[in-house]
Amino acid sequence: MKKAIYAGSFDPLTLGHLDIIERAAKLFDCLVVAVLENPNKQSLFSVEERKCHLEMATARLENVEVASFKGLLAEFAREIGATVAVRGLRNAVDFAAEYQMYLINRKLGQEIETVFLAADEEHLSLSSTNVKEVAVFGGNIDFMVPQEIKPFILEKYQK
Ligand code: ADP
């Protein structure tokens, strides 16, 4: 069974992330979407909230599981038996960062192969940061996030 992992902050989950999840789920028998717990990074949503959003948005995808992890991706991948790490690429900036990470991951876990999926044209300018920047001023985020996540984002900024 080919198991892949797609890791990220997903703070919040965007339609760009979801597109990568849907496409990766078609390529592998099982896709584990893993929220990276990073205590040094201030986040809008807790890890539990982010996992819950991912579970809602991927409920219809039978071979997708949601998890969270601390520490190194290569180690977590080994622990769960994933042999492929999926990453999304929007532009040259992503490529430079992702390629560095790929080289490090290779050194840390030789058995893990990285697969890059090119972002859909519609999602090229989408990032979790952009979502927060628009939401904080009450802008329309319909085209940025899955519909089921939207109320949770709006709630955060109404407080
Ligand atoms: P991080 O916070 O570690 O940058 P993200 O959760 O933003 O992680 O992203 C996780 C992965 O999803 C990365 O590979 C990133 O390049 C990719 N990604 C982020 N936004 C998009 C998008 N709009 N389209 C495609 N891939 C994306």
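This section describes the nonpolar cores, salt bridges, aromatic pairs and a surface patch of a predicted model.

The largest nonpolar core comprises 32 residues. Within this core, the residues with the most contacts are Tyr 6, Ile 21, Leu 31, Val 33, Leu 54, Val 86 and Ile 153. At least two core residues are supplied by each of the strands E1 (3–8), E2 (30–37), E3 (64–70) and E4 (84–89), and likewise by each of the helices H1 (15–27), H2 (47–58) and H5 (128–135). Helix H1 gives the most, contributing five residues. The surroundings of Tyr 6 illustrate how these elements meet. When neighbours within four places in sequence are set aside, Tyr 6 is in contact with His 17, Ile 20 and Ile 21, with Leu 31, Val 32, Val 33 and Ala 34, and with Val 86, Arg 87 and Gly 88. A second core, separate from the largest one, contains 14 residues, among them Ile 5, Ala 67, Phe 69 and Ala 77. In soluble globular proteins, nonpolar side chains tend to be buried together.

Twelve salt bridges are present in the structure. One of them joins Arg 87, also a contact of Tyr 6, to Glu 98, with 2.6 Å between the closest N and O atoms. Arg 87 belongs to strand E4 and Glu 98 to helix H4, so this salt bridge ties together parts that lie eleven residues apart in sequence. Both partners fall under the 20% limit for burial: the relative accessible area of Arg 87 is 17%, and Arg 87 is therefore buried, while Glu 98, at 9%, is likewise counted as buried.

A further salt bridge links Arg 90 and Asp 94, whose closest N and O atoms are 2.8 Å apart. Here Arg 90 is partly exposed, with a relative accessible area of 34%, whereas Asp 94 is buried at 13%. Asp 142 forms a salt bridge with Lys 150, with the closest N and O atoms separated by 2.5 Å; Asp 142 is partly exposed, its relative accessible area being 33%. In addition, Asp 11, Arg 50 and Lys 132 are joined into one network by salt bridges that share partners.

Five aromatic pairs were found across the whole structure. Phe 69, a member of the second core, forms a stacked pair with Phe 76, with a centre-to-centre distance of 4.9 Å and an angle of 10° between the planes. Both rings belong to buried residues, as relative accessibility is 5% for Phe 69 and 10% for Phe 76. Phe 95 and Tyr 99 also form a stacked pair, at 5.5 Å centre to centre and with 25° between the planes. These two residues are four positions apart in helix H4 and are therefore separated by about one helical turn. Phe 95 is partly exposed, with a relative accessible area of 41%, and Tyr 99 is also partly exposed, at 38%. Together with Tyr 102 and Phe 116, Phe 95 and Tyr 99 make up one aromatic cluster.

Helix H4 (residues 92–108) also includes Leu 108, which is partly exposed at 38% relative accessibility. Leu 108 joins Leu 72 and Ile 104 in a nonpolar patch on the surface, and the three residues together have about 260 Å² of accessible area. Helix H4 thus holds buried Glu 98 as well as partly exposed Leu 108.

Conventions
Residues numbered from 1 in each chain as written. Predicted model: local features only at pLDDT ≥ 70, side-chain atom pairs only at ≥ 80, totals over all residues. Heavy atoms only, no water. Patch = residues over 30% accessible without salt bridge, like charges linked within 9 Å, V, L, I, M, F, W, Y side chains within 5 Å. Areas by Shrake-Rupley, 256 points an atom, 1.4 Å probe, with all protein chains shown as cover. Salt bridge = Lys/Arg side-chain N within 4 Å of Asp/Glu carboxyl O. Buried < 20%, exposed > 50% of the residue type's maximum accessible area, 1.4 Å probe, protein only. Core = buried A, V, L, I, M, F, W, Y, C linked by side-chain atoms within 4.5 Å. Contact = heavy atoms within 4.5 Å. Phe/Tyr/Trp six-rings, centres within 6.5 Å; stacked < 30°, edge-to-face > 60°.
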